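Welcome! Here are a few short exercises with worked solutions to help you find your way around. Take a look at the structure, then try each task before reading on.

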Amino acid sequence: MIIEPLLLSATRRQDTHQVKIGAVEVGGDTVPVIAGPCAVEPGYVEHAVAAHRAGASALRGCVLKPRTRPGSFQGLGSAGLPLLDEARRITGLPVIAEPLALDDIQMLRGHVDALLIGARSMHNTPLLRAAGQSGMTVILKRGMSATYDEWLAAADYVTAEGNRQVILCERGIRTFETATRNTLDVSAIAVLREMTDLPIAVDPSHAAGTARWVPSLAVAALAAGADALLIECHPNPSESLCDAAQAITPEVLWRIVQTSLALCAMTRPAVADSVSGCRAVIDTIDDAVFHLLEYRAAIVEAVQQRKLAAMLPERDLDREHEIVDRVSRRAPRLGPQRVDRLVHAIIDECLDAVPACPQAVA
Ligand code: PEP
Ligand code: MN
């Protein structure tokens, strides 16, 4: 199995600078998912609760929206702040929001746990400086056509103010492709890891632009070692006042969060630091184990059909010994005897699950 060592090396970042969004750590043992509707709109508290139930670790709470067209919904502005407060109180989750102008930072202070500097603002150096001076955590999105160097230089504006609570966020870049809203640059995760110790988040929503493509991009980002995900989620996506086409449902969000937990469980075992944390990891491992066993059983059925056609015996004891030997090396804690028992139980049950074949009986 080449997958696990590759994921380990791709996703482990011993030296990542850890950044906090409220109590949530980014750049540590878990990959938090920050989720919520694109913009805070009427009904936001229920949207936030749905994201929380789906496993979000922090909430998008953008009360101000940079929009391409002035006629589009621009967010509720300060009228949305009580909704943020309520969502934060009910869910207990930290909230992030985007300031568009210098004064907005003051307006958001006390209501949010991190400032989101949007792609369009990455070059706004006064805003970067002010965000740095605020002392608040800053999530700095990559400009639509910014190089890694330009993006890191923008981060320097924040850190130069003595604020190293900075998370970089890849959100897709502008290319000649028009099917997706932007092209997710997965390379950014691998390359930036060598250029900076700042954690790297990925926003698959603004890259895909289409909800059904968001899970693939999210999983790609996780596999490449992203430190956090930023995802647009709405209980009724089509009713979303902003970016409706790319909003995923809480059900899909839940599956992405589960995938993130399963990958973390495989590659960052330190995640299990409390009874409930351990149980969450065990649940995701069991889900993954049985998902794979179901697949194994299907393959066993296929191999049995081929063996039957080739008139080969149902069982091959040499092959079974090889399996035990190979997987024993992967499971020193279990030891060879337990591995032997487990492997034979798996082989027996998979064979038992093969539907009785009329030709076999004949
Ligand atoms: C956002 O995340 O709210 C947003 C506007 O995205 P971007 O700045 O990446 O376009
Ligand atoms: Mn959006």
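Are Lys 141 and Asp 203 buried or exposed? Keep in mind as you work that this is a predicted model.

**Solution 1**
- Start with the burial: Lys 141 and Asp 203 are both buried.
- Next, see what their side chains do: they meet in a salt bridge, with N and O 2.6 Å apart.
- Now place the partners: Lys 141 belongs to strand E7 (residues 137-141), while Asp 203 sits in the loop between strand E9 (200-202) and H8. The pair links distant parts of the chain, 62 residues apart.

**Exercise 2.** Find the residues that coordinate the manganese ion (ligand 2), and work out where two of them, Cys 38 and His 206, lie.

**Solution 2**
- List the donors: Cys 38 (SG), His 206 (NE2), Glu 232 (OE) and Asp 243 (OD) coordinate the ion at 2.0 to 2.4 Å.
- Write their spacing along the sequence: C-x167-H-x25-E-x10-D.
- Locate the pair: Cys 38 is in the loop between strand E3 (33-36) and helix H2 (44-53), and His 206 is in helix H8 (residues 204-208), so together they tie parts that are 168 residues apart in sequence.
- Check burial with the cut-off of under 20% relative accessible area. Cys 38, at 2%, counts as buried, and His 206, at 8%, also counts as buried.

**Exercise 3.** Which residue forms a salt bridge with Asp 243?

**Solution 3**
- Identify the partner: Arg 181 forms the bridge, and the closest N and O atoms are 3.1 Å apart.
- Place both ends: Arg 181 lies in the loop between strand E8 (166-170) and helix H7 (187-195), and Asp 243 in the loop between strand E10 (228-232) and helix H10 (250-267), so the bridge ties together parts 62 residues apart in sequence.
- Classify each end: Arg 181 is partly exposed at 34% relative accessible area, whereas Asp 243 is buried at 17%.
- Recall the metal site: Asp 243 is also one of the residues coordinating the manganese ion (ligand 2).

**Exercise 4.** How many salt bridges does the structure hold?

**Solution 4**
- Take the total: there are eleven salt bridges.
- Look at another pair: Asp 348 bridges to Arg 315, with the closest N and O atoms 2.9 Å apart.
- Place the pair: Asp 348 is in helix H13 (residues 335-352) and Arg 315 in the loop between helix H11 (275-309) and H12, so the bridge ties together parts 33 residues apart in sequence.
- Classify the pair: Asp 348 is partly exposed at 34%, and Arg 315 is partly exposed at 31%.

Terms used: Residues numbered from 1 in each chain as written. Chains lettered and ligands numbered in written order. Predicted model: local features only at pLDDT ≥ 70, side-chain atom pairs only at ≥ 80, totals over all residues. Heavy atoms only, no water. Donors = N, O, S within 2.8 Å, 3.2 Å for Na, K, Ca; no water. Helix = DSSP H or I, 4+ residues; strand = E, 2+ residues; numbered from the N terminus. Buried < 20%, exposed > 50% of the residue type's maximum accessible area, 1.4 Å probe, protein only. Salt bridge = Lys/Arg side-chain N within 4 Å of Asp/Glu carboxyl O.
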